[in-house]
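This report describes selected features of one molecular structure for a reader who has not met it before. The sequence and the model are shown first, and the description follows.

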Amino acid sequence: MNTFIATLPKAELHVHLIGTLEPRLFLKLAKRNNIQTAYSTLENIKSALQKFDSLDSFLDVYYQVAQVVQTEQDFYDITLAYLKKAAKQRVLHAEFFFEAQTYMQWGITFETIITGITDAIKDAYKKYGISAMPILCFLRNLSEEYALEVLKASLPFKDDIVAIGLASHEKDNPPSKFVGLFTQAKKHGYKLCAHAGEDVGPDYIWQAIKLLHVDRIDHGVRCLEDKDLVAYLQKTYLPLTVCPLSNMRLNIFNKKNYPILQLMNEDLNISINSDDPAFFGGYINENYAEAHKMDLSRDQLVQCARNSINSSFASLEQKERMIHKLEKWLQYH
Ligand code: ADE
Ligand code: ZN
């Protein structure tokens, strides 16, 4: 890895906890919990990772993989493993999605999930110096009513959760379905994020902005299809958390027409992220490297890192400390 990218101080704002579950840890958890899955060897897993070619076909594999994560210890192990890896890639601060509904449908309690995660966050800070904040991510293919129940279950733990998110099957599950959820979440002090403009175009990005009043758009890459939307995003500098390897692997764009340079040249507030690194062949630095291959200059990569810190939900003080680290690093690079 290019040392410039490897040592560049940065934040990660768009990564799903299950998306970081590496095959070896997956097999260890399957064994520990005595769960039979379709993927019983490293070879099976590797071949499953070659099979999907769209968001929907990827999600079929993703939810199969999620089944092996069941106990507080499992949530702890997977969170700690991701944060260790991120810290090694010079991520100073990570905000990651956990999809509580997936597990609660199987009878696992909210408390089990969040306790494993928050214990790992505390230990990762002590061991690796990385700070982290979890985002409670809702599944848009399920009902708003169920989402509201889970939101309620999260409230005793709300001081440990920074935001809510919205992900999963995008087609036919518009942001407009979740206006009540986002209104309630905001009242309880959560920041707001939503995946939009990944599998569906600008219409869902507009809905996330106008109906859900989000603080960040996850992906958002298809904003370029609508000039008025680009103008709005330029004016407001609303953050877009872009994930190049994910978008190419899921055929949202192909390598030849991936628009990261265009997004940057339009002066949009983009950051570079990994989404589901164990599935898409690369963590955050591999995504920065891909952006560099697609002609983002060093200055533009630094701008993405600066954007990632400024667009995070860390406190002002914490952001200033991270920006200071970045500026100091720049004196030597
Ligand atoms: N869940 C995990 N990864 C996702 C993605 N890229 N889009 C929507 N939902 C997801
Ligand atoms: Zn995502």
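Tyr-237 is partly exposed, because its relative accessible area of 35% falls between the limits of 20% for buried and 50% for exposed residues. The model in which this value was computed is a predicted one. Tyr-237 belongs to the loop between α11 (227-236) and β7 (240-242), and its phi is positive, near 55°, although the residue is not a glycine. Most residues other than glycine have a negative phi. Positive values are also found at Asn-251, which is not a glycine and has a phi of about 55°, and at Asp-295, which follows α15 and has a phi near 75°. The table lists these residues with their settings.

| Residue | Phi | Place |
|---|---|---|
| Tyr-237 | near 55° | loop between α11 (227-236) and β7 (240-242) |
| Asn-251 | about 55° | loop between α12 (244-249) and α13 (260-265) |
| Asp-295 | near 75° | after α15 |

The loop between α12 and α13 also holds Pro-259. With a relative accessibility of 5%, Pro-259 lies under the 20% limit and therefore counts as buried. Pro-244 is 15 residues away from Pro-259 along the chain, and the C-alpha atoms of the two are separated by 9.2 Å. As for helix α15 (residues 284-293), its buried residues are Ile-284, Asn-285, Asn-287, Tyr-288, Glu-290 and Ala-291.

The description now turns to the strands. Strand β5 (residues 191-196) is largely enclosed by the rest of the structure, because five of its six residues are buried. Which strands does β5 pair with? Strand β4 (residues 163-167) runs parallel to β5 and is joined to it by two bridges, and Ile-164 stands opposite Leu-192 of β5. Strand β6 (residues 216-219) also pairs with β5 in the parallel sense, over four bridges. In this pairing, Cys-193 has Arg-216 in β6 as its bridge partner. Helices connect these strands in sequence: β4, helix α9 (residues 179-187) and β5 make a right-handed β-α-β unit, and β5, helix α10 (residues 202-210) and β6 make a right-handed unit of this kind as well.

The metal site comes next. Which protein atoms are the donors of the zinc ion (ligand 2)? They are NE2 of His-14, NE2 of His-16, NE2 of His-195 and an OD atom of Asp-275, and they lie 2.1 to 2.2 Å from the ion. The arrangement of the four donor atoms is irregular, because the angles they subtend at the zinc ion run from 83 to 172°, whereas a tetrahedral site would require all angles to lie between 85 and 135 degrees. Along the sequence, the donor residues follow the spacing H-x1-H-x178-H-x79-D. His-14 and Asp-275 link distant parts of the chain, being 261 residues apart. His-14 is in the loop between β1 (10-12) and α2 (23-32), and Asp-275 is in the loop between β8 (270-272) and α14 (277-280). Both of these residues are buried.

A last feature is the largest pocket, which contains about 290 Å³ of space. Of the 16 residues that line this pocket, Leu-92, Tyr-125, Gly-129, Ser-131 and Gln-318 are the closest to its centre. At least two lining residues come from each of β2 (91-98), α7 (110-128), β3 (131-139) and α17 (316-331).

Notes
Residues numbered from 1 in each chain as written. Chains lettered and ligands numbered in written order. Predicted model: local features only at pLDDT ≥ 70, side-chain atom pairs only at ≥ 80, totals over all residues. Heavy atoms only, no water. Buried < 20%, exposed > 50% of the residue type's maximum accessible area, 1.4 Å probe, protein only. Donors = N, O, S within 2.8 Å, 3.2 Å for Na, K, Ca; no water. Tetrahedral: all angles 85-135°; square planar, octahedral: opposite > 155°, others 65-115°. Pairing = 2+ DSSP bridges. Right-handed = clockwise from strand over helix to strand, strands pointing away. 1 Å grid on protein atoms, 1.4 Å probe; cavity = no way out; pocket = protein on both sides within 12 Å on 5 of 7 lines; lining within 4 Å. Points joined across faces, edges and corners; volume = space filled by probe spheres on them.
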